[in-house]
Amino acid sequence: MRRILKLHRSLKDPISPVTHHFEFITFDTQLHPKLWLELNNKIFISHPDQGNWAMADLENRMSEPWFDPQGFFLCVINEKIVGFCWTKTVSYTHLRAHET
């Protein structure tokens with residue numbers, strides 16, 4: 001069974017700064033697909049839905065109306081992707097169009 005966790009926090013509470021050596025950038029559809037795919041498949045090696053993606057799987061997601069590379073965050077150290085957070089924002093207009 002797949003378990004989904006919802007993470008959230010107050011947007012009003014201050015965020016304490018944390019010292020780190022990471023750089024946070026957004027996904028570049030020309031530069032990052034292959035590197036991201038390698039990391040994704042490594043991280044999710046034992047996950048049946050996520051761990052065996054091919055480039056076509058990523059390209060299919062990038063062609064979806066909800067895909068926004070500005071919401072696809074990469075954590076980088078020395079130009080190597082070491083983590084990511086892929087947000088998905090769906091507009092109510094988009095949802096309603098598919099409900100009918």
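Is Gln70 buried or exposed in this structure? Gln70 is exposed, with a relative accessible area of 51%, where exposed stands for over 50% relative accessible area, buried for under 20% and partly exposed for what lies in between (1.4 Å probe, protein chains only). The model is predicted, so that local features are reported at pLDDT of at least 70 and side-chain atom pairs at pLDDT 80 or more, while totals for chains, interfaces and linings use all residues. Residues are numbered from 1 along each chain as its sequence is written, and side-chain values use heavy atoms, with hydrogens and water left out.

The protein chain contains three helices and three strands, and from the N terminus on these elements follow one another in the order β-α-α-β-β-α; helices (H or I, at least four residues) and strands (E, at least two) are DSSP runs, numbered from the N terminus. Of the 100 residues in the protein chain, 22% are buried. When contacts, meaning heavy atoms within 4.5 Å, are taken between residues at least 6 apart in sequence, 53% of them join residues at least 24 apart. The surface that the protein chain exposes comes to about 8600 Å², with carbon and sulfur atoms supplying 56% of it; accessible areas come from the Shrake-Rupley method with a 1.4 Å probe, and for residues only the protein chains shown count as cover.

Gln70, with which the text opened, lies in the loop between H2 and E2. Although Gln70 and Phe27 are 43 residues apart in sequence, they are 6.8 Å apart in space, C-alpha to C-alpha.

Phe27 leads on to the aromatic residues, since Phe27, Trp36, Trp53, Trp66, Phe67, Phe72, Phe84 and Trp86 form one aromatic cluster. A pair of aromatic rings is described by the distance of the centres and the angle of the planes. Rings of Phe, Tyr and Trp (its six-membered ring) pair if their centres lie within 6.5 Å, and planes under 30 degrees apart count as stacked, over 60 as edge-to-face and the rest as tilted. The structure holds 13 aromatic pairs. One of them joins Trp36 and Trp86 in an edge-to-face arrangement, at 5.5 Å centre to centre and with 90 degrees between the planes. Because Trp36 lies in helix H1 and Trp86 in strand E3 (residues 80–86), this pair ties together parts that are 50 residues apart in sequence. Trp36 is buried, with a relative accessible area of 0%, whereas Trp86 counts as partly exposed at 22% relative accessibility. Trp86 also forms an edge-to-face pair with Phe67, at 5.9 Å centre to centre and 85 degrees between the planes. This second pair links distant parts of the chain, 19 residues apart, with Phe67 in the loop between helix H2 (55–62) and strand E2 (72–77) and Trp86 in strand E3. Phe67 itself counts as buried, at 13% relative accessibility. Another member of the cluster, Trp66, has Lys88 over its face, at 4.5 Å from the ring centre; a charge sits over a ring if NZ of Lys or CZ of Arg is within 6 Å of the ring centre and within 35 degrees of the ring normal.

Helix H1 (residues 33–43) also holds Asn40, a buried residue with a relative accessible area of 0%. Leaving aside neighbours within four places in sequence, Asn40 is in contact with Gln50, Trp53 and Phe84. Asn41 has its place in helix H1 as well and is buried, with a relative accessible area of 18%. Not counting residues up to four places away in sequence, Asn41 touches Gln50, Gly51, Asn52 and Trp53.

The surface offers a further group of residues. Phe22, Phe24, Ile77 and Val82 form a nonpolar patch with about 350 Å² of accessible area together. Patches are made of residues with over 30% relative accessible area and no salt bridge, like charges being joined within 9 Å and nonpolar side chains (Val, Leu, Ile, Met, Phe, Trp, Tyr) within 5 Å; a salt bridge is a side-chain nitrogen of Lys or Arg within 4 Å of a carboxyl oxygen of Asp or Glu. Phe22 is found in the segment before strand E1 (23–26) and is partly exposed, with a relative accessible area of 39%.

The backbone of the loop between E2 and E3 remains to be described. Asn78 lies in this loop and has a positive phi of about 50 degrees although it is not a glycine. Glu79, placed in the loop between E2 and E3, has a phi near 70 degrees, again a positive value in a residue other than glycine. Asn78 is exposed, with a relative accessible area of 76%, and Glu79 is exposed, with a relative accessible area of 76%.
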